[in-house]
Amino acid sequence: MDKRTFIREVAGRLGCDERRAVGITFVVLQELRNRLTPAEVADVAAQLPRELRHWWQEHDYPDRRVARTHRREFLGRVRRWTALADEMEAERAVRAVFAVLQRLLGSPTGMEGEAWDIFSQLPLDLKSLWVTSGATPAVSAR
């Protein structure tokens with residue numbers, strides 16, 4: 001899957017235009033990345049297409065400390081950085097990006113391969129969001 005396909009899938013799941021999906025995808029990937037160890041970030045990067053790998057690694061550095069954010073703060077940061085209306089919209093956005101990322105990683109449930117490694121580093125409240133995201137259906141464009 002290339003970056004354009006990734007963005008189209010996120011846009012389809014959110015019912016928004018691709019430009020909006022770009023901003024949302026970038027922020028969600030950055031926040032997820034900050035929640036993982038640098039070693040896991042490198043492992044995920046190795047499985048991403050070049051264009052998404054750039055977004056994934058942008059503003060990262062090897063001795064970065066893992067951000068110990070939980071669900072509420074994670075969603076709040078996504079909401080603020082993407083100017084979404086509320087936490088419910090932020091959750092929809094996160095679920096959309098998580099679902100497409102899981103698909104890209106070849107994980108239908110979010111619990112296989114590299115997706116499992118991401119899952120294993122998340123706190124319980126974000127684990128729940130991660131594993132239920134793949135089951136969240138796409139919505140038609142508004």
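Thr109 is found in the loop that runs between helix 6 and helix 7 (113–121), in what is a predicted model. This briefing starts from that loop residue, moves to the packing of helix 6 against helix 8, and then turns to the salt bridges and to a second loop threonine. The structure holds nine salt bridges, of which those involving Asp60 and the one between Arg92 and Glu89 are described below.

**Thr109 and its surroundings**

- Thr109 has a relative accessibility of 38%, and it counts as partly exposed because this value falls between the 20% limit for buried residues and the 50% limit for exposed ones.
- When neighbours within four places in sequence are left aside, the residues in contact with Thr109 are Gln102 and Val131.
- Gln102 also appears among the residues of helix 6 that meet helix 8, a contact that is taken up in the next group.
- Thr109 and Cys16 are 93 residues apart along the chain, and their C-alpha atoms are separated by 24 Å.

**Helix 6 against helix 8**

- The axes of helix 6 and helix 8 (residues 124–133) come within 8 Å of each other and cross at roughly 60°.
- Because that angle lies between the 35 degrees below which helices count as roughly parallel and the 65 degrees at which roughly perpendicular begins, helix 6 and helix 8 are oblique to each other.
- The handedness of the crossing between helix 6 and helix 8 is right-handed.
- On the helix 6 side the contact is made by Glu91, Val94, Arg95, Phe98, Ala99, Leu101 and Gln102, which meet Leu129, Trp130, Thr132 and Ser133 on the helix 8 side.
- Sorted by class, the residues in this contact of helix 6 with helix 8 comprise six nonpolar, three polar and two charged ones.

**A salt bridge within helix 6**

- The side chains of Arg92 and Glu89 meet in a salt bridge, with an N to O distance of 2.9 Å.
- Arg92 and Glu89 are three residues apart in helix 6 (residues 87–104), so about one helical turn separates them.
- Both partners count as partly exposed, Arg92 having a relative accessible area of 23% and Glu89 a relative accessibility of 25%.

**The network around Asp60**

- Salt bridges that share partners join Arg33, Asp60 and Arg64 into one network.
- Asp60 forms a salt bridge with Arg33, in which the closest N and O atoms are 3.8 Å apart, and this pair links distant parts of the chain, since Asp60 sits in the loop between helix 4 (50–57) and helix 5 (71–82) while Arg33 belongs to helix 2 (residues 18–34), 27 residues away.
- Arg64 likewise forms a salt bridge with Asp60, the closest N and O atoms here being 2.5 Å apart.
- Asp60 counts as partly exposed at 23% relative accessibility, whereas Arg33 at 2% counts as buried and Arg64 at 7% also counts as buried.

**Thr69 in the loop between helix 4 and helix 5**

- Thr69 lies in the loop between helix 4 and helix 5, which is also the loop that holds Asp60.
- With a relative accessible area of 7%, Thr69 is buried, because this value is under the 20% limit.
- Apart from neighbours within four places in sequence, Thr69 is in contact with Arg35, Phe74, Arg77, Pro123 and Leu126.
- Of these contacts, Phe74 and Arg77 fall within the residue range of helix 5 (71–82), and Leu126 falls within that of helix 8 (residues 124–133).

Definitions and conventions
Residues are numbered from 1 along each chain as its sequence is written. This is a predicted model: local features need pLDDT of at least 70, side-chain atom pairs count only at pLDDT 80 or more; totals for chains, interfaces and linings use all residues. Side-chain values use heavy atoms; hydrogens and water are left out. A salt bridge is a side-chain nitrogen of Lys or Arg within 4 Å of a carboxyl oxygen of Asp or Glu. Helices (H or I, at least four residues) and strands (E, at least two) are DSSP runs, numbered from the N terminus. Buried means under 20% relative accessible area, exposed over 50%, partly exposed in between (1.4 Å probe, protein chains only). Contact means heavy atoms within 4.5 Å. Axes are lines fitted to C-alpha atoms, for helices over the stretch in contact, and angles run from 0 to 180 degrees between N-to-C directions. Angles under 35 degrees count as roughly parallel, over 145 as roughly antiparallel, 65 to 115 as roughly perpendicular and the rest as oblique. A crossing is left-handed if the near helix is turned anticlockwise from the far one by less than a right angle, and right-handed if clockwise. Ala, Val, Leu, Ile, Met, Phe, Trp, Tyr, Cys and Pro count as nonpolar, Asp, Glu, Lys and Arg as charged, and the others, Gly among them, as polar.
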